[in-house]
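Hi everyone, thanks for coming. I'll put the structure up and then walk through a few spots in it.

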Amino acid sequence: MTWYLLLIGLVAAERLAELATARRHAAWSLARGGREYGRGHYPVMVALHTALLVGCVVEPWAAGRPFLPALGWTALALALAAQGLRWWCIATLGPRWNTRVLVVPGLPLVAAGPYRWMRHPNYVAVVVEGVALPLVHTAWLTALGFTALNLLLLRVRIGCEDAALTDGGRLRAPASVPTAGSPS
C-alpha cells in the first residue's frame, strides 16, 4: 500500500499545482474583464474532489482492500492517461484554463488540442480518473460514490460553463463535435 499512498500523495500535489495555476490564470482573466460564473457549486466541487482523495486512502486501509494486479495496473494506466489529457487541456487553453468558470469577453472559443474533438475533454479526464484512481487499490465504493456524485455535479458544471459561454454568444462546437440534441 506504500506505493499507492505515494501515488495519492502525488495526485494531491498535482491538485495543489492546479490550484496555483488556476490562481494565476484567474488574475489574468480578471485583469482582462473576465466574469466568474457558478460560484455556488465551486465549494461542492472542491469538497467532492477532496473526498475522492480521502476515500482513496481510507477505503483500502479500513476495508483491507487488496491490490489486484490486473485491475490495479489497468486502473493506474487509465489514471495516468487521464492526467495526460487534463494537462493537455490546461496547455491548450493556456491562461484561459481555470478550476473556476471564468470567461473573458471577446475571446473566441478554443478549437485546438482535444477541443477539436469534444467540447469538455477535461471532464472526460475527471470521470476516468474518478473511476480509475480508487480502483488502483480496489477502492470500488469510493469509485462508485465519487462517480455518482460527480455525474450530478458535472450536469451543473457543464450547464454553467455552456451558459457562461453562451452569455457572450460564443458557444459554437467545432463542426465535428455533435451537440446535445443534435443528430450524430
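Let's start with helix α1, residues 2-31, in what is a predicted model. How far apart should its ends be? At 1.5 Å a residue, its 30 residues should span 44 Å. The C-alpha atoms at the two ends are 44 Å apart, so the model agrees with that expectation.

Now, which residues of α1 are buried? The list is Tyr4, Leu7, Ile8, Val11, Glu14, Arg15, Glu18, Thr21, Ala22, His25, Ala26 and Ser29. Here's a handy thing to keep in mind: an α-helix has 3.6 residues a turn, so residues three or four places apart point the same way. And what lies over those buried residues of α1? The cover includes α2 (42-63), α3, β2 and α4 (121-135).

Okay, next stop, just past the end of that helix. Right after α1, glycine 33 takes a positive phi of about 85°. Glycine 33 sits in the loop that runs between α1 and β1 (35-37). Is glycine 33 buried or exposed, or somewhere in between? Its relative accessible area is 45%, so we call it partly exposed. If you skip the neighbours within four places in sequence, glycine 33 has Val103 and Pro105 as contacts. And for a sense of distance, cysteine 160 is 127 residues away from glycine 33 in sequence, while their C-alpha atoms are 19 Å apart in space.

Let's move on to threonine 99. You'll find threonine 99 in a loop too, the one between α3 (69-93) and β2 (101-103). With a relative accessible area of just 10%, threonine 99 counts as buried, because the cut-off for that is under 20%. So what does threonine 99 touch? Apart from neighbours within four places in sequence, it's in contact with Glu18, Leu19, Ala22, Tyr42, Met45 and Arg157. Two of those names, Glu18 and Ala22, you've already heard among the buried residues of α1. With tyrosine 42 there's also a polar contact between the side chains, at 2.9 Å.

Last bit: the surface. There's a nonpolar patch of about 510 Å² here, made by Met1, Leu5, Val54, Val58 and Trp61. Which helix gives the largest share of that patch? That would be α2, with three residues. Take valine 58, which has its place in helix α2. Valine 58 has a relative accessible area of 41%, so it's partly exposed.

That's my tour, thanks for listening!

Methods. Residues are numbered from 1 along each chain as its sequence is written. This is a predicted model: local features need pLDDT of at least 70, side-chain atom pairs count only at pLDDT 80 or more; totals for chains, interfaces and linings use all residues. Side-chain values use heavy atoms; hydrogens and water are left out. Helices (H or I, at least four residues) and strands (E, at least two) are DSSP runs, numbered from the N terminus. Buried means under 20% relative accessible area, exposed over 50%, partly exposed in between (1.4 Å probe, protein chains only). A polar contact is a pair of N or O atoms within 3.5 Å; within protein, one must be able to donate a hydrogen and the other to accept it, and residues adjacent in sequence count only if both atoms are side-chain atoms. Contact means heavy atoms within 4.5 Å. The expected span of a helix is 1.5 Å times one less than its number of residues. Patches are made of residues with over 30% relative accessible area and no salt bridge: like charges are joined within 9 Å, nonpolar side chains (Val, Leu, Ile, Met, Phe, Trp, Tyr) within 5 Å. Accessible areas come from the Shrake-Rupley method with a 1.4 Å probe; for residues, only the protein chains shown count as cover. A salt bridge is a side-chain nitrogen of Lys or Arg within 4 Å of a carboxyl oxygen of Asp or Glu.
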